[in-house]
Amino acid sequence: MNLSIGIVGLPNVGKSTLFNALLKQQIALAANYPFATIEPNVGIVPVPDERLAALASTVNSQKILPAMVEFVDIAGLVKGASQGAGLGNQFLSHIRETLAICHVLRGFSDTDIIREGSSDPKSDLETIRVELQLADLSTLEKQKAPKSGVTPVEQKRWQVIEKFLKAVADGHSVNQVISTDEEGVVAKELSLLSAKPELFAVNVDESQLKNHVELQKAYAAEIGVTPEQIIIISAKVESELGALSEEDQQLFLTDLGVTESGLARLIKSAYDILGLQSFLTAGEKEVRAWTIRKGSTAVQAAGEIHTDFMKKFIRASITDYQDFLDQKGWKGVREQGKLRVEGRDYIMREGDVVEFMIGS
């Protein structure tokens with residue numbers, strides 16, 4: 001599935017620096033995956049997953065294909081963007097296609113960088129959210145009330161729209177009032193911007209990273225979200241990491257008092273907030289990670305590899321990742337009874353190593 005995150009923020013909060021750091025990783029990625037179509041405002045980077053190298057070593061595969069995440073740099077977000085200020089229309093069209101929004105908020109202390117509309121993380125976020133809500137208000141006001149004699153489903157849909165309209169008119173985001181899966185479906189159908197799950201990357205000074213856990217809690221309390229939605233990040237550090245080897249990156253991060261990059265923490269948070277997980281395939285040809293929603297069945301997971309697999313699904317041979325390593329591959333897990341044969345309705349678990357049997 002296409003995991004896409006829109007990066008939004010006011011001018012001079014570090015959004016461009018962060019996105020350019022992503023592009024550095026993308027340039028390295030493009031050398032290995034030339035099939036990727038890369039647009040100027042899109043950064044496509046791999047999801048960090050140490051399990052893949054271990055699997056590749058076990059099955060002697062030379063090709064590793066990690067899951068991918070697409071970051072979209074949303075241009076033109078200034079006050080009045082919903083009415084077309086800045087690059088307002090471009091901003092709206094790009095953000096509608098993403099699964100989640102990452103707000104970049106200014107937490108660094110460099111006074112040489114002019115704030116240009118930014119004052120503090122809480123008020124900056126309010127400015128951004130107002131633009132999203134105003135855009136949604138325009139969308140909702142264009143919806144037509146159903147005529148008499150409509151089906152109960154159509155009537156219920158209209159009631160949901162009225163609920164959203166009232167919420168946005170009262171200054172709330174749609175994601176604050178969605179309470180059922182049916183309401184979520186309506187919000188998605190209408191491409192409502194303020195209905196999207198949110199992450200918050202607070203761009204801090206390099207020296208503050210070692211206190212990222214405490215800062216995470218403090219900023220969550222300040223802007224009224226859960227700590228899990230906050231990622232303490234230094235765009236400057238992320239930019240410097242892009243020029244280093246993997247070994248040097250880890251040494252640099254250790255010196256700063258953190259164990260993994262802000263990008264890695266951001267991707268993990270995105271998986272959590274969107275309810276995603278990975279399953280793995282391992283063969284001599286390639287080792288690969290695939291992204292699915294939590295609760296997906298075996299047949300739905302097979303469909304991520306190819307849509308035809310859903311129709312031709314027979315069964316899935318599944319083992320635990322650690323068992324696969326301990327027993328040194330497919331032959332070992334079969335011999336030790338660690339391989340399960342599951343049907344189409346099996347609920348996939350994080351880290352399942354899978355081999356699908358597909359009919360002709």
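**View 1. G343 sits in the loop between β11 (340–342) and β12 (352–358).** The model shown here and in every other view is predicted. G343 counts as partly exposed, at 35% relative accessibility. Setting aside residues up to four places away in sequence, G343 touches A298 and F313. S317 is 26 residues from G343 along the chain. The C-alpha atoms of G343 and S317 are separated by 9.0 Å.

**View 2. Four aromatic residues, F279, W290, F313 and F356, form one cluster.** F313 also appears in the previous view, as a contact of G343. The structure holds four aromatic pairs. In the pair F279 and W290, the ring centres are 6.2 Å apart. The planes of these two rings meet at 10 degrees, so the pair is stacked; the cut-off for stacking is under 30 degrees. The pair links distant parts of the chain. F279 belongs to strand β8 (residues 276–282), and W290 to strand β9 (residues 287–293). The two residues are 11 residues apart. Both F279 and W290 are buried. R288 lies over the face of W290, at 4.1 Å from the ring centre.

**View 3. The largest nonpolar core has 52 residues.** L55, V69, F71, I267 and V353 have the most contacts inside this core. Helix α10 (residues 262–274) supplies the largest share, six residues. L55 is in contact with L280, V287, Y321, F324, L325 and V353, leaving aside neighbours within four places in sequence. V353 is thus named twice: among the residues with the most contacts in the core, and as a contact of L55. A second, separate core has 19 residues, including V202, I223, L253 and V258. In soluble globular proteins, nonpolar side chains tend to be buried together.

**View 4. Helix α10 is largely enclosed by the rest of the structure.** The reason is burial: 10 of its 13 residues are buried, so little of the helix is left outside that count. The buried residues are G262, L263, A264, R265, L266, I267, S269, A270, Y271 and L274. I267 is also one of the residues with the most contacts inside the largest core. At 1.5 Å a residue, the 13 residues of α10 should span 18 Å. The end C-alpha atoms of α10 are 18 Å apart, which agrees. G275 follows α10, and its phi is positive, near 65 degrees.

**View 5. In helix α4 (residues 121–141), expected and modelled spans agree.** The helix has 21 residues, which at 1.5 Å a residue should span 30 Å. Its end C-alpha atoms are 30 Å apart. At the start of α4, D120 turns up as a side-chain partner. A side-chain oxygen of D120 reaches to within 3.1 Å of the backbone nitrogen of K122.

**View 6. L241 is found in helix α8 (residues 235–241).** The residue is buried, with a relative accessible area of 3%. L241 touches Q249, F252, L253 and S261, not counting residues up to four places away in sequence. Of these contacts, L253 is one of the residues in the second core. S261 is 20 residues from L241 along the chain. The C-alpha atoms of L241 and S261 are separated by 8.3 Å.

**View 7. N60 and K328 have positive phi values although neither is a glycine.** For N60, phi is about 60 degrees. N60 lies in the loop between α2 (51–59) and β3 (64–65). N60 is exposed, with a relative accessible area of 61%. For K328, phi is near 60 degrees. K328 lies in the loop between α13 (321–326) and α14 (330–335). K328 is exposed as well, with a relative accessible area of 69%.

**View 8. The whole protein has 14 helices and 12 strands.** Buried residues make up 47% of its 360 residues. Among contacts with a separation of 6 or more, 68% join residues 24 or more positions apart.

Conventions:
Residues are numbered from 1 along each chain as its sequence is written. This is a predicted model: local features need pLDDT of at least 70, side-chain atom pairs count only at pLDDT 80 or more; totals for chains, interfaces and linings use all residues. Side-chain values use heavy atoms; hydrogens and water are left out. A nonpolar core is a set of buried Ala, Val, Leu, Ile, Met, Phe, Trp, Tyr and Cys residues joined through side-chain atoms within 4.5 Å. Buried means under 20% relative accessible area, exposed over 50%, partly exposed in between (1.4 Å probe, protein chains only). Helices (H or I, at least four residues) and strands (E, at least two) are DSSP runs, numbered from the N terminus. Contact means heavy atoms within 4.5 Å. The expected span of a helix is 1.5 Å times one less than its number of residues. A polar contact is a pair of N or O atoms within 3.5 Å; within protein, one must be able to donate a hydrogen and the other to accept it, and residues adjacent in sequence count only if both atoms are side-chain atoms. Rings of Phe, Tyr and Trp (its six-membered ring) pair if their centres lie within 6.5 Å; planes under 30 degrees apart count as stacked, over 60 as edge-to-face and the rest as tilted. A charge sits over a ring if NZ of Lys or CZ of Arg is within 6 Å of the ring centre and within 35 degrees of the ring normal.
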